[in-house]
Amino acid sequence: MMIHVFLLFSLCFSDYEFIHGVSSLGINYGQVGDNLPPPDKVLDLMSSLKLTKARIYDTNPQILTTFANSSIELVVTVENQMLPVVVDPQQALQWVTTNIKPYFPATKITGIAVGNEIFTDDDTSLLGYLVPAIVSIHGALAQLGLDKYIQVSTPNSLAVLAESYPPSAGSFKGEVSSVMSQFLQFLSGTGSPFWINAYPYFAYKDSPNKISLDYALCNKNPGMVDPYTRLHYDNMLYAQVDAVVCAMSRLGYGGIEVRVSETGWPSKGDPNEVGATVQNAAAYNRNLLRRQMSNEGTPLRPNMRLQVYLFALFNEDLKPGPTSERNYGLFQPDGTIAYNVGLSALATSSSSSTSSASISLTSSATKASKVKYQSSVYWMLVYLLIVQVFMRRQY
C-alpha cells in the first residue's frame, strides 16, 4: 500500500515541480550587432528568464569567462572557416586546449558545434572537411579527458532533406548521403545528438497559399495525418523533426536523438516576406513555450522530450540579408521585450539606465491552479494514509 502511495505522490508532484524550470528549452545568443549588452547583463537577463541552456556561434572568451559558475549550460562553435585547420589532430588539440580547457568545468560547456549548416553551405569544399574535423575535435576532448562531458555534433539546415512531407517520407539529399552516413556513424558511436535548424516560417513564407498559418504557428488546427504511419501532426515543427528521424532510419541509424538547435519566427520583414509580423512571432514562440512546459515529444517519439533552442535572444542589427534576419529576437538590445510571448515581464531601470527583466514562465492564473492542484493531491494522500491505518487496525 505504501508503495502505491509513494508512486502516486511522485507522479503527481513531478509534473508540479516541472513548472519551475524548462530543462529542455535553450536560447541562441547571437552577437552580430553593435549595440548589444555586455555578457554580464546578458547573464542577468538569462538568469531572470530561468533559462539554463544557451548556444553561441564562437568561443568568445568574454562570454565563457562571464558565464563561469553560473547555471547556464553552453554549446560553443568551431566556426566554418576553421574546419580545414582542425582536421589536423594537433590543430584540433590546440583549439580545444585554447578555447575549452581553460574555462571548463567552471563554465558548463556541454556541446561543441563543429561548423554550422555545412551540408548545405555555398562553399561545397567544406563538406569534405566536416567529419574529419568532428573526429579530430572529439579525439582532442578524449585526450584531455573531456569527451565524457562535452558532446560534438554539427547543426544542419532542413534543406539537407530531399523529402520532408509526409514525415515518414523523410530522406536526405543524394549528394550528401555518403558524408551523412559517416556523420551518423560518428553520432551513433558517441551518443551525440543530430542538431537541426528547423524554421516552419520559411516553409510558410514560400507557400502561404498551400500551408496553413495555424499549422506553421503551432496554433489549434486540424493538422495532418501521415498516410503511412497514421500519426497525427498538429504543427509543422514536429513534422520536420520526425522527417529527420525517418531520414536517419533510412540510412540505418534510427536511434539517434534529434534536437532543434534553432527555431524561431521573425517579428518584422520585407514586403515580400509573408508572415513576418509581431503577432505571428509572438504566437509561434508562445505556443512553443507552452509545449516545452508540457515536456512534449514528437508523434514518432512521444516519450522523448524534444530539446529546443529558440532563435534568438536579441535582434541583431548587423546581420546581412533580408529584414527578417535582424528581427528574430525575443528582446531588443536594450533588454526590453520585442513583443509579448505570454511571459509576465517587469522591466525596471537602474541609475545607469540599463534595463533588466524579471520573467516568470507561468501566469498567476496558472500558478493558482497548480497550487490548488497541489493542495488536492495533498489531501488525497492524507486520505489514503488514514485508510491504510484503518485497514491495519481491522487486522
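1. Let's start with strand S1. Two parallel-running strands, S1 and S2 (residues 53-55), are joined by 2 bridges, and within S2 it is Arg 55 that bridges to Asn 28. Pairing here means that DSSP finds at least two bridges between the strands. Helices (H or I, at least four residues) and strands (E, at least two) are DSSP runs, numbered from the N terminus.

2. A word on the source: this is a predicted model, in which local features need pLDDT of at least 70 and side-chain atom pairs count only at pLDDT 80 or more, while totals for chains, interfaces and linings use all residues. Residues are numbered from 1 along each chain as its sequence is written, and side-chain values use heavy atoms, with hydrogens and water left out.

3. S1 has another partner to look at. Strand S1 (residues 25-28) pairs in the parallel sense with strand S13 (residues 308-310) over 3 bridges. Gly 26 has Tyr 309 as its bridge partner in S13, and Ile 27 has Leu 310. S1 is covered on both faces, with Leu 25 and Ile 27 buried on one side and Gly 26 and Asn 28 buried on the other. Buried means under 20% relative accessible area, exposed over 50%, and partly exposed in between (1.4 Å probe, protein chains only).

4. Now the whole sheet. It is open, has 9 strands with parallel pairing, and follows the order S5-S4-S3-S2-S1-S13-S12-S9-S6. Strand S5 (151-153) and strand S6 (155-157) are at the edges with a single partner strand each, so one side of each lacks a neighbour in the sheet. On average, neighbouring strands of this sheet are turned by 25 degrees against each other, direction ignored.

5. Helix H10 (residues 236-250) is worth a look next. H10 lies across strand S9 (194-197) and strand S12 (258-263), and runs at about 135 degrees to S12. Contact means heavy atoms within 4.5 Å; axes are lines fitted to C-alpha atoms, for helices over the stretch in contact, and angles run from 0 to 180 degrees between N-to-C directions.

6. H10 also turns up in the cavity list. The structure holds 2 cavities of 30 Å³ or more, and the second largest has about 70 Å³ of space. H10 gives the largest share of that cavity's lining, 3 residues; the lining includes Val 241, Asp 242 and Val 245. On a 1 Å grid over the protein atoms alone, a cavity is a set of points where a 1.4 Å probe fits but cannot get out, and a pocket is an open set with protein on both sides within 12 Å along at least five of seven lines; lining residues have an atom within 4 Å of a point.

7. The largest pocket may interest you too. About 1400 Å³ of space lies in this pocket, and of its 46 lining residues, Glu 117, Ser 157, Asn 197, Tyr 199 and Phe 202 lie nearest its centre. Strand S7 (161-163), helix H8 (200-206) and H10 are the elements that give two or more residues to its lining.

8. Finally, helix H11 (residues 278-293). At 1.5 Å a residue, its 16 residues should span 22 Å, which agrees with end C-alpha atoms 22 Å apart; the expected span is 1.5 Å times one less than the number of residues. Because 12 of the 16 residues of H11 are buried, the helix is largely enclosed by the rest of the structure. Among these buried residues are Tyr 284, Arg 291 and Met 293. Asn 295 follows H11 and has a positive phi, near 60 degrees.

Conventions. Grid points are joined across faces, edges and corners, and a volume is the space filled by probe spheres set on the points.
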